[in-house]
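Reader: I'm new to this one. Could you show me the structure and explain the terms as we go?

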Amino acid sequence: DGCGHTVLGPESGTLASINYPRTSPNSTVCEWEIRVKPGQRVQLKFGDFDIDDSDSCHSSYLRVHNGIGPNRTEIGKYCGFGFQMDGLITSKSNEVTVQFMSGIHTSGRGFLAAYSTTDKSDLITCLDNASHFSEPEFNKYCPAGCVIPFADISGTIPHGYRDSSSLCMAGVHAGVVSNTLGGQINVVISKGIPYYEGSLANNVTSKVGPLSTSLFTFKTSGCYGTLGMESGVIPDSHITSSSILEWPNQTGQVNIWKPENARLKRVGPPWAAFISDEHQWLQIDLNKEKKITGIITTGSTLAEHYYYVSAYRILYSDDAQKWTVYREPGMGKDKIFQGNTELYQEVRNNFIPPIIARFFRINPVKWHQKIAMKVELLGCQFSIGRAPKITLTPPPQNKNDERNADFMDDFIHSVKTSLQTDKTTFTPEIKNTTVTPSVTKDVALAAVLVPVLVMVFTTLILILVCAWHWRNRKKKTEGTYDLPYWDRAGWWKGMKQFFPTKSAEHEETPVRYSSSEISHLKPREVPTMLQTESAEYAQPLVGGIVGTLHQRSTFKPEEGKEASYADLDPYNSPIQEVYHAYAEPLPVTGPEYATPIIMDMSSHPSTPLGAPSISTFKAAGNQAPPLVGTCNKLLSRTDSASSAPVLYDIPKGQPGPGSANQLVYQVPQSVAHPTVSKDE
């Protein structure tokens, strides 16, 4: 009568004295016999130990033995208030006996201990919480039986649990470990939050908690997504039930609580059975096999209809014909899951190990008023390979064949069971393969050649573009009169400037300042020779020779002809006149700017005003015909012999202005006279 909370699992468990953590009663005794698999040993760890030692462990004590029965041997006898036992108590065999004796005493909480096989070196007890460990992340082994009424937890997944919560009890609440089996947990510590929510899950109630400095969560496989009830991925036709509740309301309208209404968080009535008994069920077809790790349920969610299911069983099948009731490993009875305690709250239950099936059925065993519920399934896609297909022999003809058939059925069932509980039995299936093994090499070769070809074609295109651009640039630079931008002022000094290429039709010929040559020209040749596409200013001379000059005018013509003058030259070229924006510089030996040349018209007979000329020559005995495009402003200084004295000197060695056989030109007095030979 001295036994308290006790869960003895196949590999681990928890045991405590009666009334723990309160004072145990007087004169009580309890014995626990622990067995694990042969070949393994048992280790025992105390989470709390507080036994009266007033009589030196004579009447109140805890004794541990190797073995069970009369042949057992004692490992140790323990007592004391607040006794701290360092390390673990380890057996020599796979069997251990723990004996608790309580004599006459006035205080003492008793004890709480956990056990496991010796291969679980990181064993902890149900009383350990996150504040007992300083590491930000750690792995521990939780024993079975940590859902204890005297431990509290605060929080829920995925937000986390308060650091004062029991690690193993929170692990059961989160669905990481099973209360009947225990298991490994991977804990992560992080900063606390101001408020912790409460919920009911896996028969563990989490309470609302206040602010804490830290919290902890669990690392899991991640197979906890919803499978399509709430979202509608599962169609209505795949949700069926044993019966449907139909009833008219006060207005006479018939209410039908169909099975497709059993979608979690769906507004409106739930699914409800017409008859409330243990033979009712709600069935869900997942369309193919899925890995189901949990279920969430609620009641009717209608305040006027206070209906909910408080307990249920789970069945599953591959063909909807043969059903299997869910049981925990090592348990000889069906597992009954705790359902709702009211109609609104969502209650979660996890399956450890998970269920692998296509058809899923809920069988209510307890309810409030009527069977009514909404559900959602948790899990993920099932990617583990199926068991190999087994070819069966024809139907048996005698009793021996029937025995063989039974053996084959048992074998198939055992293979399927091992597939569901052991993930490493088969390698995963390869799905959605886009490249077959036979073309793998070709794909690899194409992956190399395609980038190379792209680079080659890109390089060729760039070369062609650059060549085309260079050719156009070269054409554009040929024939230009502009000077380099870096030396526009003194570029021509000491350098030679070549003329742009012209066609044979308009090829230019230098004009020399030799009156002897001018005299041999016919009257028509002079204006024709001088008549060209007038540049706006004089072109530069070549090689510094002052005596040579282009046949273009040295003056900038007017912007246009005046309306009173007509084109009187019948030999004028029809080509449009082209003007340059600025004057090209003269050679180094000459003045920096073009020298004006003025015709001396004083010795000529009176010339009609409508025939002006800018010719720099005067032929003997013949009057040159008028030129086109000339400017009449030059005549303002030479229209009469009686005009004021000219401001320019006559070149040295030349006769006076009255001579008609010589070239007459003048240069400013302020400009140095270049030396020019007569032959030039």
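Author: Sure, starting with a definition: a disulfide is a pair of cysteine sulfur atoms within 2.5 Å. A word on the source: this is a predicted model, where local features need pLDDT of at least 70, side-chain atom pairs count only at pLDDT 80 or more, and totals for chains, interfaces and linings use all residues. Residues are numbered from 1 along each chain as its sequence is written, and side-chain values use heavy atoms, with hydrogens and water left out.

Reader: What makes C142 and C168 a disulfide?

Author: Their sulfurs are 2.2 Å apart, and the cut-off is within 2.5 Å, so the pair counts as a disulfide. The torsion about the S-S bond is -90°, a left-handed link. C142 lies in strand β10 (residues 137–142) and C168 in helix α1 (residues 167–174), so the bond ties together parts 26 residues apart in sequence. Helices (H or I, at least four residues) and strands (E, at least two) are DSSP runs, numbered from the N terminus.

Reader: How many disulfides are there in the whole structure?

Author: Five turn up. Another of them joins C3 and C30, with the sulfur atoms 1.5 Å apart. That link is right-handed, with 95° about the S-S bond.

Reader: Why is C30 called buried?

Author: Buried means under 20% relative accessible area, exposed over 50%, and partly exposed in between (1.4 Å probe, protein chains only). C30 has 3%, so C30 counts as buried. Its partner C3 has 39%, so C3 is partly exposed. C466, with 52%, counts as exposed.

Reader: And what about C57 and C79, buried or exposed?

Author: Both are buried. They form a disulfide too, with sulfur atoms 1.5 Å apart. The torsion about their S-S bond is about -85°, so this disulfide is left-handed.

Reader: How do you know that β5 and β8 pair?

Author: Two strands pair if DSSP finds at least two bridges between them. Strand β5 (residues 61–66) and strand β8 (residues 95–102) have six bridges, in the antiparallel sense, so by that rule they pair. Y61 stands opposite M101 in β8.

Reader: Which sheet do they belong to, and in what order do its strands run?

Author: Four strands form an open sheet in the order β3-β8-β5-β6, with antiparallel pairing. β3 (28–35) and β6 (73–78) stand at the edges, each with a single partner strand, so one side of each has no neighbour in the sheet.
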